[in-house]
Structure formats: structure tokens, C-alpha cells
Amino acid sequence: MSKQNLYFIPKVKNLRRGAGFLNISSIESIYIPLDNSYHRETASYLQKRILSITGIKIPIIAGTKSGVCIELLFDGDAAKNSERYSLEVSADGVALKGTGTEGVFRAGATFIQLILNCPSSLPYLEINDEPDFAVRGFYHDVTRGRVPTLDTLKHLADILSFYKINHFQLYIEHTFAFKAIPELHAGKDPLSADDILELDRYCRDRYIDLVPSLSTFGHLYELLRLPRFEHLNELDIKASQTPRSLWDRMAHYTLDVSNDESFYLVKGMIEEYLPLFSSPYFNICCDETFDLGTGKNAERAQKEGTGRLYVDFVKKIMSVVRRHGKKPMLWGDIVLKHPELISELAGDDTIFLNWEYTPEVTCLPIKTFKDAGVNQYVCPGVNGWSRFAADVNRGSTNILKMVRFGRDAGALGVLNTDWGDCGQVNLLSTSFHSLAFGAALSWNSNDGDDKSEFDKRFSFLQWGLEDGRLGEILRELGELSAYHFGNLYAWVTDKQCLWFKEDDIKAADPIDLGRRMNRALEFVKELKSLSTQVTGSICGKAEFDEYLWSAEATAWLLSVQLFKKRYEYNQKFDEPLIPPDNIIKDGYKLTGQFKHLWRLRNRESELRDAADTFLSVISRIEKRNDSCMI
């Protein structure tokens, strides 16, 4: 018997159920009319997914239709919305109809989710659906820690297509193998040209636009630390001789706009990277140019204004992209500080990526671009970076607000971001909930108000879990510790920066920290139990283990905070502590597990940075523990 409640992500807009059922075993073929041969990839995709869920391999045929079949058809005017589709299940079989090839594929994605709901007997029904946003994207950092294997990136593309995401970007600073700058990626396990070409084809087959994204102005830490290029840094320093710092990588290293070499360096990188992509777009980034006008260009900035320096250099970068027939994208944070200059970067082809990641976000930045009459995507965030467990509630609130602000302002798209600040300890599975939530709202912006109901859909479709308990755990787990990995890094390196939060540790209530630690340990037990029930069609137990690690690491992090209050800051309280020897032992265990989980889906890349930080924390605790025992 089929499920009474049908779960879909995104939630379909129009569904009418009939009286009757179609047994999947009675379906004889996946049928492609001869004049619709471009549906072959979709047919092959359906065949593989149906086989993985039901164990039934349905043959693909073309030519003469006969018997009960899954039929792939065009229906309507593709000029109106190429992703509009309908799905009908009846005694005659299944009809997947789209106004364009993309629409047929989206119908197929809904059909796969229907089979997950009803793996043996499909209810008669009719679905009519179309997206609110033409562009529904996911942005993934492959620079600040983890460089995924090609198989992992393909797997991620499969998840994106499952949730009807059609736009995918990878953030690159130094993790592409530029032939002209071989020393840039030395020891970084970069993506190669062959990797990009293969991933581009794979995404294209799933109607996902793989868009190149390259840092071309700020955030050029590794590039400007090379002896060959350190003279192009806005700051007049010998960067190649400075100690490595994950904070400096976030906060500094902007190009000197007055040196023509800066432009030609970026131009060469763009021209090597751009031809690998079939996308009509190119994201030049140009965000967070923190140092601009503070060093070599201080005098120019005083006379001309920092905004003028910024806009003039960005226009030169955009001209390179346009010269190669691509449409430029850029992050909107800098030009928002100089709204009078927005028009100079605007154009019919320019897209401003308007990001804001806090739950307190307002509509004002989005309104600024709307009032300027320019194209924009709204860019919320999953709120998982530098965290062992993503702050799902924080991310959900931010995504919900940004999507609806964007809808009301006529934004062209949604680009949900997943960053890797401070070594990218945020394992990929911890982003899946917010990834799916962003996909749900960018297709159907009226979805998402009932978080509990969404949690049930996510738990079932992603992991095959029958209730929404997993979602409840992820929401609470992500809120247990505001203190995160970047704060640990600042502590052990004594880096006086935004990440240095030791005053927060001193002020924290030990009773509350103890309660949170115990709560995390309860979640460890629950997640272990849930892991035995995982039957998801797109993710399996090995990926679910990342949740288990996140809970164990969160409990450990809270025990470290209590240890620091007692032994680092000599605060007296009655709250029982985890014995220091146990904290040390658990730290080594978690570090080993982290390395294992990292290597399952990623290249070695910058694993050492994250692991060394864990070991430095453990060493600090060992030394403090030894001194207390003397």
C-alpha cells in the first residue's frame, strides 16, 4: 500500500490524487518517442535511479509505444518556462511532460521521489509544477580546506538534481592546477582541467549549470605569498616570509590595483580557467577587498575614494569575461558600500550576488539593488562554516528571509552558499539539511514555514528515516556551541582577531555548558541508533557517520570549554568536569575519525591544517593538565 502522506522536496504546487494504484512491477518500459530522442539521458537517469530503489531494471525503448510505460513527452510552450512540468500516474502508465527538456527532467526528479514514497505501488495522481526562481543554486567552497574528489563532486551534483537545483559553483582561489602558475597549487591536490571538463559534462546531463567562480581581486592569500607575485599585494610586506595563518587568509591579501601586472596576472588566470566551462556565466568574486586603499594605494584612495579604485579595477576584469562571450557575476558586498557607483558596473548581462548570512538580515541590501534596476541573486548561507555541526536554525531563518525578500524584489535567482572558513571542518553532510531547505524555497517560496514538517520530508527523502527526529536533533545540535573551530584556532595560535573569543568562555555559565555537553552526548546515542535505520537512496550510512562525528565533536568542544574555565582561567564552580585525561583521549580519537571521514570523500589537500589545530588543542590541554597535577 502507498503512503498516505507524500513527501516531496521541493513541495509540489498542485497535486490531485485519484482512486487507484499502479504497480511498478507492471511497468514494461521507459518510452521515448522518436522525435524526442534528446530525452535519452533523462531516460537513462530514471532507469538507474528506479533500479537502485526498487531493484527493477526497466528497459528503455523508442519507436512504437506498447503496454504500460513511463513516457517522456513535451507539453506546451517552452518559451514560457522551460522547467514547467506535469506528472500523471494512471492505469495506462506514467506520463512525464515538460515544456522543455529541463521540464521533463524535473518531472523525472519528482517521479523518483514519488517512488521513494511508494516503492511498489504508485497512487494515481496528477502533479503540475513550476519554479518561482529561474535560477536555484548551490555554492560550495573547495579552497579553504577540503578539495573533494571528482566522485564526491559528481555525487553532490546528483543530490542537487534530486532537489531540482540547476546552478552550481565551486569557489576557487588556489585549488585549480593553473599551468602558468604551477607553484600556486603545489601540495594542494588541486582540481585539474580534466576534472572540470568531466564535471561540467556530468552537470550538463542533469540540467545543472556549472558556473566558474574564481577569486580575482581580494582573498588571494596563497597567490600573493608566492615570491614571484608578493610585490602585487596591496600591503607592502614580504608575505612569503610571514608565518602561515588561516585568519590572514580570510582577512587580507588584496591586489595592488595600480600595478598593471595585477590585471594581467588575473587576466591570464581567467583565460586559462574560463574555456573549461560550458556555462554562459563567470563569477569574478571581487568580495571582501579589505586591504584596498590601506597600503600602497592609500594616497590614491584619499584622493579618489576607495570605491573608485574598486570599480575601475572590477570593470577591467569584467571586460576580460565579456571579451570571451561570458556574462560577469560578482559579489555585491563592496559596491553596496558605494551605491552611487553601482550603475558603472551594471549592464544587461551583469549579475550582482547579494549575500547576507545572519538571521537578522533585512531587505535593505536587496532593495538597494532593486532600486538601482540591476540583476541580482539573493545569496543566503547554510551557516555551517567552522562548525562541527551546522547551525540549522540560524541557516533556515536566513534562507527563508533572503528567498522571500528576493521574491518580492524580483531577484532572478537564489544562490545558497556553503563556505569552508578555517580549514573546513564542516563535513559535507552537515550542509545537506540547509541545502535541501534552500532548494525547497527557491522552487516554492511559500514552503518552509513549518520547520517540523520540512524536517520529516528531509529525514525521509535524504536518509529513508520515517519521522522527523533527525531534523530536530540537527537543529538543536547546531545551537549547542556558539564557540567553534575558528575560536579554538585563535586560542592555540594566540591570534588576536575576530575569532578570538576567550572572553566569551570566561563569561559562560558553567552549568549551562555542562547541560549542553550532556545534551550533545545524548544526541550521540540517538544518532547511533538512527544510523542503523538509514536506507536513503542518495546517501548512505558512511555519510550519516559525519553526523555522529559532529555530535561527538560538539560534546568534546563543550568539555574543552569547561576545562579552560577551570584550569586556564582558574574559575571555581561545582559543575562536574570530564576528567582531563578523558578529554585528551577523546581528542585524539576525534582527530583520527576526522582524518578518516575527510579521506573518504576528499583529497588530502589541507587536512594537515585542521589536524594540527586539533593536536595543538590537545597539547595545550596536556600541558595545563600536567602543571595542575604538580
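1. Start with the largest cavity, which holds about 70 Å³ of space. Keep in mind while you look around that this is a predicted model. The residues lining the largest cavity are Ala 389, Ala 390, Val 392, Thr 430, Leu 474, Leu 477, Tyr 547 and Ser 550. Sorted by class, that lining has six nonpolar and two polar residues, with no charged ones. Helix 15 and helix 19 (541-568) each put at least two residues into it.

2. In total, the structure has four cavities of 30 Å³ or more. The second largest cavity comes to about 60 Å³. Around the second largest cavity you'll find Arg 387, Phe 388, Ala 389, Leu 477, Gly 478, Ser 481, Tyr 483, His 484, Thr 554 and Leu 557. Ala 389 and Leu 477 are worth picking out, as they line the second largest cavity and also appear in the lining of the largest cavity. The class count for the second largest cavity is five nonpolar, four polar and one charged.

3. Now for helix 15 itself (residues 469-477), which packs with helix 14 (residues 451-463) at an angle of about 110°, the axes being 7 Å apart. That angle makes helix 14 roughly perpendicular to helix 15. The crossing is right-handed. On the helix 14 side, the contact uses Lys 451, Asp 455, Phe 458, Ser 459 and Trp 463, while helix 15 brings Leu 470, Gly 471, Glu 472, Leu 474 and Arg 475. By class, that's four nonpolar, two polar and four charged residues. Leu 474 does double duty here: it is in the contact with helix 14 and it lines the largest cavity.

4. Next, the pockets. The largest one has a volume of about 1,000 Å³. It is lined by 39 residues, and those closest to its centre are Trp 385, Asp 421, His 484, Leu 498 and Trp 499. We met His 484 earlier, in the lining of the second largest cavity. Helix 6 (246-251), helix 17 (502-507), helix 18 (510-531) and helix 19 each supply at least two lining residues to the largest pocket. Its lining splits into 18 nonpolar, nine polar and 12 charged residues.

5. Last up is the second largest pocket, at about 430 Å³. Its lining has 22 residues, with Glu 102, Asn 166, Tyr 207, Ile 208 and Asp 209 the closest to the centre. Helix 2 (101-117), helix 4 (193-205) and strand 10 (209-214) each give at least two residues to that lining. The classes come out as nine nonpolar, six polar and seven charged.

Technical notes:
Residues are numbered from 1 along each chain as its sequence is written. This is a predicted model: local features need pLDDT of at least 70, side-chain atom pairs count only at pLDDT 80 or more; totals for chains, interfaces and linings use all residues. Side-chain values use heavy atoms; hydrogens and water are left out. Axes are lines fitted to C-alpha atoms, for helices over the stretch in contact, and angles run from 0 to 180 degrees between N-to-C directions. Helices (H or I, at least four residues) and strands (E, at least two) are DSSP runs, numbered from the N terminus. Angles under 35 degrees count as roughly parallel, over 145 as roughly antiparallel, 65 to 115 as roughly perpendicular and the rest as oblique. A crossing is left-handed if the near helix is turned anticlockwise from the far one by less than a right angle, and right-handed if clockwise. Contact means heavy atoms within 4.5 Å. Ala, Val, Leu, Ile, Met, Phe, Trp, Tyr, Cys and Pro count as nonpolar, Asp, Glu, Lys and Arg as charged, and the others, Gly among them, as polar. On a 1 Å grid over the protein atoms alone, a cavity is a set of points where a 1.4 Å probe fits but cannot get out, and a pocket is an open set with protein on both sides within 12 Å along at least five of seven lines; lining residues have an atom within 4 Å of a point. Grid points are joined across faces, edges and corners, and a volume is the space filled by probe spheres set on the points.
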